[in-house]
Amino acid sequence: MPLATHGPIAPVFALISAISLFTGPASAQADGTVEPLLEVVVTPNRSPEAIQHSGSALTVIKADEIAKSNPGSLADVLRGVPGLSIAESGGPGKVTYVSLRGAEARHTLVLIDGIRVNDPSVTDGPFDFSNMVATDIERIEVLRGPQSALYGSDAIGGVINIITRKGRGAPKASITVEGGSYRTGTVTASVSGGTQRLSYAFALAAGHSDGFSAYGYRIRPLARAYGPLDKDGYDRLAGTARLSFRATDTLTFEAGLYSGRVRGGYDAAFAGFGYLPDTPSMQMNWLTTVYGRAILDSFDGRLRNQLTVYANRTDRTSDDVQRCCVGSPTKGTFSKYEYIGNRYGVEYQGDLKLNRFGKLTFGTGAEAEDFSSKTPDRQQHSRLSQSAFALHQITLLDRLDLSLGGRVDHVGDTETFVTGRATAAYRIEETGTKLRASLGTGAKAPSLYQQFGRFGPVLLGNPALRPEHSVGVDAGIDQSLLGKRVTLSGTVFANRIRNLIDFDQTLGVFGQYINVGRARTKGVELSGQAVLWPGYATLKASYTYLDARDVTTDPDYLAAHKTPAKTKLARRPVNQGRVSLALTPIDKLTVEPVLYLVGARFSSPQQKLKLAPYARLDLNLSYKIDERFTVFGRAENLTNAHYQEIATYGTTGRAFYGGVKATW
């Protein structure tokens with residue numbers, strides 16, 4: 001299996017691969033930081049456990065890494081996570097989708113504090129990361145591979161769990177102010193604390209940027225043909241709250257809230273039929289999610305009961321402008337679109353300790369979701385889902401950690417689907433080795449629009465659609481060396497997806513959604529760290545090789561669409577990686593250059609619009625003045641590389657940002 005790409009960045013990819021093979025982190029953290037011996041994670045098995053006992057491929061991104069990244073784009077935090085691909089349509093504040101292990105964006109389940117937030121009003125139900133503002137995030141856990149056995153629909157590629165901060169200890173507060181290129185400014189403030197009975201954490205973030213044109217920015221032929229291009233900036237406002245009250249020694253109540261509003265410009269990003277692609281169109285996205293939870297320990301702590309109620313709402317409003325390029329370029333049409341997606345649910349989870357027989361996690365839930373549009377076509381659709389799941393975990397011989405689980409989901413009028421997952425981790429503590437493997441199946445129910453969506457009186461949806469299904473397997477090794485100064489992690493994986501839903505324009509008046517597609521993905525995930533000089537220099541790297549292909553076999557469909565067999569899936573680079581060197585040349589000063597490398601890929605299906613490989617160099621600086629004040633700086637794309645993540649969409653040029661953080 002080749003690990004190097006063709007083109008000008010092939011030697012650098014080869015270097016990253018070599019570094020990663022010898023310096024991968026035991027916990028597969030995105031930045032390669034060594035994990036504590038017993039770090040606790042919650043996503044792999046739906047309850048707290050030491051990361052060393054997990055047989056799943058997992059990445060943990062901590063608060064300090066999140067703080068270094070662009071506050072206007074949470075997706076930037078995820079760049080470099082093994083197995084993860086990002087498509088941002090024109091810079092921060094624009095539609096941004098994330099996919100795992102070559103699956104579609106709709107196959108990535110996104111949680112905020114364990115609550116599902118994928119948008120039920122979007123055509124196929126993915127999560128738009130431009131809606132999420134990094135307010136006060138404690139960590140992000142990225143769980144790769146099919147996880148429907150634990151989390152139900154959408155988790156074919158994996159799960160991204162965004163966990164907000166929980167208050168602890170004496171009251172403390174902080175405020176961060178940053179400004180820089182493109183007239184960008186952000187302010188974030190937080191306060192938190194806790195006692196044995198009560199904990200609290202509140203945060204507020206606001207930001208503005210004039211931005212740059214989503215269409216054609218720094219793409220010379222397009223800028224010459226359609227310029228001058230207007231700027232597509234954004235305004236953001238978001239807040240989080242998390243509370244916990246321990247009423248008795250056995251009963252605890254929790255509640256959490258995230259609400260964020262993003263308003264920004266966007267472009268059509270196409271030209272033809274007499275219309276200009278660069279337009280002053282605006283879109284407003286408002287995401288709110290809230291939950292309440294009661295936790296009761298019974299039978300002397302042997303059984304933990306959790307009852308969670310939750311709700312979230314996504315409101316998307318677009319003021320769409322189409323400008324005619326024939327005659328007067330200012331003449332055009334104006335349309336208003338509004339889509340609202342709601343989700344309400346209740347879930348019970350029990351965790352039963354079985355002593356030497358391990359632990360049994362089980363539960364059931366019900367969820368209602370609806371989608372409505374007010375303009376241009378008034379339509380409303382809803383459905384109810386029910387589920388039940390169980391997971392058994394056991395440790396044998398104090399070294400072998402096993403888990404086996406399954407789930408049954410019934411989503412609206414679609415067929416009931418059953419999924420399963422098994423994991424194994426074998427720890428050889430004498431040599432700092434962990435061998436791990438997982439096998440799982442995944443499923444994705446058709447979205448409400450795919451089932452019932454209309455264009456005027458014409459039905460585009462298909463009520464008879466079946467769920468998409470997948471099966472995936474991976475195996476990996478985590479190794480620490482030299483007293484954990486050098487660590488290594490590597491994973492190989494393979495997935496097959498069937499019954500993929502696609503839109504067939506040859507059916508009906510305008511077309512219809514059908515189950516026709518198949519896909520196959522396989523690859524290698526490597527990530528690493530080497531402490532070159534303790535306290536002064538740490539090298540970190542990650543690398544992904546991905547072969548993701550459309551393997552649809554229906555002869556009538558292939559003939560009608562003139563689709564060649566086994567084409568590469570769009571926007572999945574075969575090779576991508578990240579390498580950084582964190583330096584502390586003097587006390588309290590940290591300097592960290594970060595190099596992102598992305599190989600060639602196609603922007604559109606059927607291997608159309610090939611995009612060139614690119615390398616982007618960033619730089620992070622931080623100086624801690626004292627215990628209260630820290631000043632920092634950030635440079636993006638220092639070499640001013642010209643590149644595209646999606647064809648015709650602009651990306652940042654050389655940009656500089658700086659700010660100060662005060663804590664007391």
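Biologist: Which side chain meets that of E367 in a salt bridge of 3.4 Å, N to O?

Modeller: A salt bridge is counted when a side-chain nitrogen of Lys or Arg lies within 4 Å of a carboxyl oxygen of Asp or Glu. Here the partner of E367 is R343. The pair links distant parts of the chain, with E367 in strand β19 and R343 in strand β18, 24 residues apart. Strands are DSSP runs of E, at least two residues long, while helices are runs of H or I with at least four, and both are numbered from the N terminus. Before we go on, this is a predicted model, where local features need pLDDT of at least 70 and side-chain atom pairs count only at pLDDT 80 or more, while totals for chains, interfaces and linings use all residues. Residues are numbered from 1 along each chain as its sequence is written, and side-chain values use heavy atoms, leaving out hydrogens and water.

Biologist: Are E367 and R343 buried or exposed?

Modeller: For that we look at relative accessible area: under 20% is buried, over 50% is exposed, and partly exposed lies in between, using a 1.4 Å probe and protein chains only. Both E367 and R343 are buried. E367 also meets R116 in a salt bridge at 3.9 Å, N to O. That pair reaches along the chain too: E367 sits in strand β19 and R116 in strand β7, 251 residues apart. R116 is buried, just as E367 is.

Biologist: How many salt bridges does the structure hold?

Modeller: There are 43. One of them joins the side chains of D478 and K434, at 3.7 Å from N to O. D478 belongs to strand β26 (residues 468-481) and K434 to strand β23 (residues 433-444), 44 residues apart. Both D478 and K434 are buried. Bridges that share partners can also form a network: R116, D154, R343, E367, E369, R383 and K444 are joined into one this way.

Biologist: Next, sheets. In what order do the five strands of the open sheet lie?

Modeller: The general idea is that strands of a sheet pair through backbone hydrogen bonds, either parallel or antiparallel. Two strands count as paired if DSSP finds at least two bridges between them. Here the order is β3-β8-β9-β6-β7, with mixed pairing. At the edges are β3 (57-62) and β7 (115-116), each pairing on one side only. β6 and β7 run antiparallel and are joined by two bridges, and R116 in β7 is the bridge partner of L111. You met R116 a moment ago as a salt-bridge partner of E367.

Biologist: How many bridges join β3 to β8?

Modeller: Six, and these two strands run antiparallel. I61 stands opposite I140 in β8. Although β3 is an edge strand, five of its six residues are buried, so β3 is largely enclosed by the rest of the structure.

Biologist: Which residues touch the most other members of the largest nonpolar core?

Modeller: In soluble globular proteins, nonpolar side chains tend to be buried together. A nonpolar core is a set of buried Ala, Val, Leu, Ile, Met, Phe, Trp, Tyr and Cys residues joined through side-chain atoms within 4.5 Å. The largest one has 29 residues, and L74, L78, L84, F129, I140, I160 and I162 touch the most other members. Elements that each supply at least two of its residues include α3 (75-78), β8 (137-144) and β14 (251-266). Another core lies apart from it, with twelve residues, among them I51, V60, L111 and L150.

Biologist: Which residues is F129 in contact with, leaving aside neighbours within four places in sequence?

Modeller: Contact means heavy atoms within 4.5 Å. F129 contacts L74, L78, T96, V98, V110, I160 and I162.

Biologist: And which residues form the nonpolar patch on the surface?

Modeller: A patch takes residues with over 30% relative accessible area and no salt bridge, joining nonpolar side chains (Val, Leu, Ile, Met, Phe, Trp, Tyr) within 5 Å, or like charges within 9 Å. Areas come from the Shrake-Rupley method with a 1.4 Å probe, and for residues only the protein chains shown count as cover. This patch holds I175, V177, V187, I586, Y623, I625, F629, V631, V660 and W664, with about 800 Å² of accessible area together. β10 (172-180) and β36 (629-636) each supply at least two of them. I586 is in the loop between β31 (575-583) and β32 (589-598), and is partly exposed at 49% relative accessible area.
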